[in-house]
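New to this one? Here's a quick briefing to read with the structure open beside you.

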Amino acid sequence: MLIGTEPQDAHPATGAVRDGDGSPGQEARAVARVAELDRRLGDPTDESNELSYGRLVEADEAGELPEAGERALDELGLGADFVPRAEGGGLERLDTLVRVMRQVFRRDVALGLGYGVTSFMAAVNVWAAGDAAQRERLARILTRGGKVSVAYHELAHGNDFVRNEFEARPAEGGGYLLNGAKQVINNADRADAWVLFSRTSPAPGSRSHSVHFVEREGLDTDTWRVLPRYDAVGVRGCHLSGLRFDNTPVPASALVGEAGKGVETALRAFQITRAALPGMAVGTADTALRTVVRFALGRRLYRKSVMDIPHARATLSGAFTDLLTCDSLSLAATRSVHLLPEQTSVLAAATKYLVPKLLTDAMRELSVVLGARFYVRDGEYGIFQKHIRDLPVLSLGHAGSAACQATIIPQLSRLARRSWFSDEPAPAELFRPRADLPDIPYDRLTLASGRDGLSATLVAAVDGLPGATPEERAVQGLALQLVDELRQIQEASRALAPEDRTALAAPGTFALADRYAVLLAAASAIGVREQAARDGGDAFLADPAWLAAALHRLARRLGRRPAELPASVDARVHEEVLRRFHARGSYDLYDTPLTG
């Protein structure tokens, strides 16, 4: 419970609290919404389901989004989940939105992106900086099942969008004239409105750009057009095309926030989307792991199941551990938007950088267990092949890996001087998956910070971790190594030359950002386990075994050579892999009941 809130009654089914008026509280609403979505989409392993994995792969092969999937999400009113409750929608907690969208992503990444996440990425710009009239119009579009696209970058300039050439030139008599092209826009052809990052001044620098919310209805159809659709290797069903405008007039009311503040608006919006999107993708890797567990249990070699092969068992346990690590970092990032908005810039960028990498690596390792069946594009294991093609798309675009590292790098030296080994640890609520949260404070999201409570959680844990069992002692030893790693990163960050504190830094500085992101993941996992042990809710999350496994894998990723873990660690993690498979529980922090 957050400090300053009144006591609330526990919900009998979920343990979630109820609001003061007796209505279901945040967690009860979240559980109900996730279950509603899962139930409506149905069992994806049931071939009679119109949204089975087989049908989803067929739609992908045809290069289209599944019609049945879009119809189901329309019926569920999913667009309202991207609209804050204050604007008449259902968005109140960012981590809840992640859990809801995880149900879509575990079935089809293209459906998750193509139906809704693109609208969310566009909308946060308006929620963060738009006026009341813009928010009302956007809320009306989304709650009625419409779509909105966002166009930040241009192919000629990639992620360096402050060099964009697309113009919104002030027009005589008021308003703006749109000129230029935007490429690779999801849903450009069928969106009801577009959020366009536009140059409003010919002068160089970030103050020459603004954000415009442009509605399709009422535009002069002779002055704009949709560009041809792109073919893609991943998310083949998404409608990726572009827009070209030639002196298209739009009213002055299209400007979002102040003129010249486009970069600030975009960077604040990135903090929200970078925090949220990676956690949604955990659902994709969940399906991959579940698919390979099914294969390993059913496939026999040398009179034994594949599951009996030590390498296969270790691969499955490792993938599960990585999913828990990714979800821990995602949890900290999404909840920091609410609780630590001034510190979210670095954490969100680290999450968007590291989580897709960990998930992609885990899926590649799982593909080895599948063997030749990994290459099959249809049948029982076709969904694995589709997911492994779709997942890397999440590392591209305006929030790509290099762009995220470029957000972290300029802040390393400041964090090294002002924060590491001196800041207070992050609040306990950051690591409690089911705890209530205040509304998103859009106005408190800052572009840079000199504080890092998450790393302080790692430092504080060294003295606070128990060491009574072999698993706990393993955690202690690993945490000490990781704190030593943070000390080395601090020294290296303090010594950075001025030119290495920018996006044009040397490769070694990018490697420094990578190492730092790994430590943030370790701190997140430590925080989650600590709170689970204190709260006494989930017995597995309270067990030090999974944390030992997680820290061991992260230490090895950093090039360390930690001591071998006790055999009991692998046994406990493997046991949980099988339990959740047979009980149909999700492979994340929530162990959510699934239909298949």
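The largest cavity holds about 100 Å³ of space. Keep in mind that this is a predicted model. Counting cavities of 30 Å³ or more gives 3. Below are some details on two of them, plus a look at how one pair of helices packs.

**The largest cavity**
- It takes 13 residues to line the largest cavity, and those closest to its centre are Arg102, Gln103, Ser586, Asp588 and Thr592.
- Helices α4 (94–105) and α7 each chip in at least two residues of that lining.
- Sorted by class, the lining has 5 charged, 4 polar and 4 nonpolar residues.

**The second largest cavity**
- Next comes the second largest cavity, with a volume of about 80 Å³.
- Its lining includes Ser336, Leu340, Gln343, Arg451, Asp452 and Tyr516.
- Two or more lining residues come from each of α9 (344–370), α12 (453–464) and α14 (507–535).
- Here the split is 7 nonpolar, 3 polar and 2 charged residues.

**How α5 and α7 pack**
- Helix α7 (residues 262–298), also part of the largest cavity's lining, packs against helix α5 (residues 109–129) with the axes 9 Å apart.
- The angle between them is about 155°, and angles over 145 degrees count as roughly antiparallel, so that's what α5 and α7 are.
- Their crossing is right-handed.
- On the α5 side, the contact residues include Leu113, Val117, Phe120 and Met121, while α7 brings, among others, Ile272, Ala276, Leu277 and Met280.
- By class, this contact has 14 nonpolar, 4 polar and 1 charged residues.

Notes. Residues are numbered from 1 along each chain as its sequence is written. This is a predicted model: local features need pLDDT of at least 70, side-chain atom pairs count only at pLDDT 80 or more; totals for chains, interfaces and linings use all residues. Side-chain values use heavy atoms; hydrogens and water are left out. Axes are lines fitted to C-alpha atoms, for helices over the stretch in contact, and angles run from 0 to 180 degrees between N-to-C directions. Helices (H or I, at least four residues) and strands (E, at least two) are DSSP runs, numbered from the N terminus. Angles under 35 degrees count as roughly parallel, over 145 as roughly antiparallel, 65 to 115 as roughly perpendicular and the rest as oblique. A crossing is left-handed if the near helix is turned anticlockwise from the far one by less than a right angle, and right-handed if clockwise. Contact means heavy atoms within 4.5 Å. Ala, Val, Leu, Ile, Met, Phe, Trp, Tyr, Cys and Pro count as nonpolar, Asp, Glu, Lys and Arg as charged, and the others, Gly among them, as polar. On a 1 Å grid over the protein atoms alone, a cavity is a set of points where a 1.4 Å probe fits but cannot get out, and a pocket is an open set with protein on both sides within 12 Å along at least five of seven lines; lining residues have an atom within 4 Å of a point. Grid points are joined across faces, edges and corners, and a volume is the space filled by probe spheres set on the points.
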